[in-house]
Amino acid sequence: MTSAQPKISFVSLGCPKALVDSERIITQLRAEGYEISRHHEGADAVIVNTCGFLDSAKAESLAAIGAAMRENGKVIVTGCMGAEPGPILATYPQVSAITGPQAYESVMTAVHEASPPPHHPFLDLVPEQGIKLTPRHYAYLKISEGCNNRCSFCIIPKLRGDLMSRPAGEVLREAEKLVKAGVKELLVISQDTSAYGLDGGYPMSAWQGREVRTRFLDLARELGSLGAWIRLHYVYPYPHVDDVIELMAEGKVLPYLDIPFQHASPAVLKAMKRPGDQKKTLERIKAWRGQCPDLAIRSTFIVGFPGETEDDFRILLDWLSEARLDRVGAFPYEPVTGAKANDLGLAVVPDEVKAERYARFMAHQQAISAKKLKGKVGRHMPVIIDSTQGLKAKGRSKADAPEIDGAVHVSSRRPLRTGDIVSVKIEGSDAYDLSGIAV
Ligand code: SF4
């Protein structure tokens, strides 16, 4: 390769879904012979993949665009914030192009205009599975775009439209390539994984010489046959999820469910425009645990949603005590420009009350988590290694997703390698993490 190769600098902001978009764009850039530069200065153009979910994320995206304009001047904006270009153009009218999420082709057209591709595409530089921004041993697998729900605090459907599922065969071929390339864990993501295929009436799709239905259960079963850890994110507790628990009990997919419950009080859930029967959900969780005792449930909650009273908040804490979820994240409510929740006319929860409830929520869940993790001491469990330092390593059990859940701190007699899956005897625990020795 020569220094004549055009260079593109890349900034990736936002959630795992945006990361998948970034991976696709980078794969395409490399396929066409562009070099990815770490610095804006000296690059032929800069691509900023933005996040527009919260106002704070928009501010971060605008700051990244500003830095790219100062240091380079040829800036292509893509991602969620690009779906509504007004605020970007108001601050940076000189940006070269603005495209919305998943607009890979438009991004590439803008790149070609900023700096034409080299004459010979270096196709052979691209590993078959594409360029990964995540470590080599795990990868996100995006199965659909958009969402049919209309939660009042969320503008994703406005930005990304209604649910659009990728055909099962296409998803499975991508998964198969990733596993062949050494990926040990696939993280299935979408806005609503349990609704997968609903948009097209669960059509059949060709894979490995047969037909597979584009449906949550069928996809989970086929993914489970690839020999990697399969982790399911953003699942809603619909009745048909029961069938997937069976696959977890059989060891086909990880006994892990990421269900964003957001709240437990019927009044708050109604204002959020989300299904409200959390009592039924408790029964469902109990039944799932009966079927698959090792099931780890992760969830996220919003604290201080408009109209949330002290009583609503107590209902939430009581529900948490009953549900005994394994992993929990919480966010103090932050209004999102353009979201319906702003127009509901509900009493805004003052910041200090939000902060106080958030602290109580975290302390409450911490006690539950510490107790649950203590119950794992003495057990042997497989751990996937994320990083190593001499004879110490940091990894995750089947109950921990990367970035968002806890870790297992491992000591070993021989050096371990990133991506190894080792059996660990658990010897200690705290509120979030486990520690143990590789055996
Ligand atoms: S389920 Fe609700 S919060 Fe999630 S993307 Fe859809 S509308 Fe937004």
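This is a short walk through one predicted model, from its domains down to single residues.

Let's start with the overall layout. The chain is divided into three parts: domain 1 covers 7–125, domain 2 covers 138–374, and domain 3 covers 380–438. Between domain 1 and domain 2, the C-alpha centres lie 29 Å apart. The two domains touch. Domain 1 puts 13 residues into that contact, and domain 2 puts in nine residues.

Look at the domain 1 side of it. Two helices, α1 (16–31) and α2 (55–71), each supply at least two residues there. Which helix gives the most? That is α1, with four residues. By class, this side of domain 1 has eight nonpolar residues, three polar and two charged.

Next, the ligand. Which residues are around it? There are three cysteines in the list, Cys147, Cys151 and Cys154. Then come Asn149, Arg150, Ile156 and Pro157. Gln191 and Asp192 complete the list. Sorted by class, the shell divides into five nonpolar residues, two polar and two charged.

Now the barrel. Five strands form a closed barrel, in the order β16-β17-β18-β20-β19, and the pairing is mixed. From one strand to the next, the twist averages 50°. Take one pair from it. Strand β17 (residues 392–396) and strand β18 (residues 408–411) run antiparallel, joined by four bridges. Within this pair, Lys394 stands opposite His409 in β18. As a general reminder, strands of a sheet pair through backbone hydrogen bonds, either parallel or antiparallel.

Two single residues to finish. The first is Ile36, in strand β2 (residues 35–37). Is Ile36 buried or exposed? Neither label fits: Ile36 is partly exposed, because 14 other C-beta atoms lie within 10 Å, and buried would take 20 or more. Leaving out residues up to four places away in sequence, Ile36 touches Ile8, Phe10, Ile26, Leu29 and Arg30. Gly406 is another matter: Ile36 and Gly406 are 370 residues apart in sequence and 32 Å apart in space, C-alpha to C-alpha.

The second is Pro306. Pro306 sits in the loop between β14 (296–303) and α11 (310–323). Pro306 also counts as partly exposed, because it has 19 C-beta neighbours inside 10 Å. With the same sequence neighbours left out, Pro306 touches Ala271, Ala341, Leu344, Leu346, Ala347, Val348 and Val349. Tyr333 is 27 residues from Pro306 in sequence, and the two are 8.1 Å apart in space, C-alpha to C-alpha.

Terms used: Residues are numbered from 1 along each chain as its sequence is written. This is a predicted model: local features need pLDDT of at least 70, side-chain atom pairs count only at pLDDT 80 or more; totals for chains, interfaces and linings use all residues. Two strands pair if DSSP finds at least two bridges between them. Axes are lines fitted to C-alpha atoms, for helices over the stretch in contact, and angles run from 0 to 180 degrees between N-to-C directions. A residue is near a molecule or strand if its C-beta atom, placed from the backbone, lies within 6 Å of it. Ala, Val, Leu, Ile, Met, Phe, Trp, Tyr, Cys and Pro count as nonpolar, Asp, Glu, Lys and Arg as charged, and the others, Gly among them, as polar. A residue is buried if 20 or more other C-beta atoms lie within 10 Å of its own, exposed if 12 or fewer, and partly exposed in between; C-beta atoms are placed from the backbone. Two residues are in contact if their C-beta atoms, placed from the backbone, lie within 7 Å. Domain bounds come from an automatic or database domain assignment.
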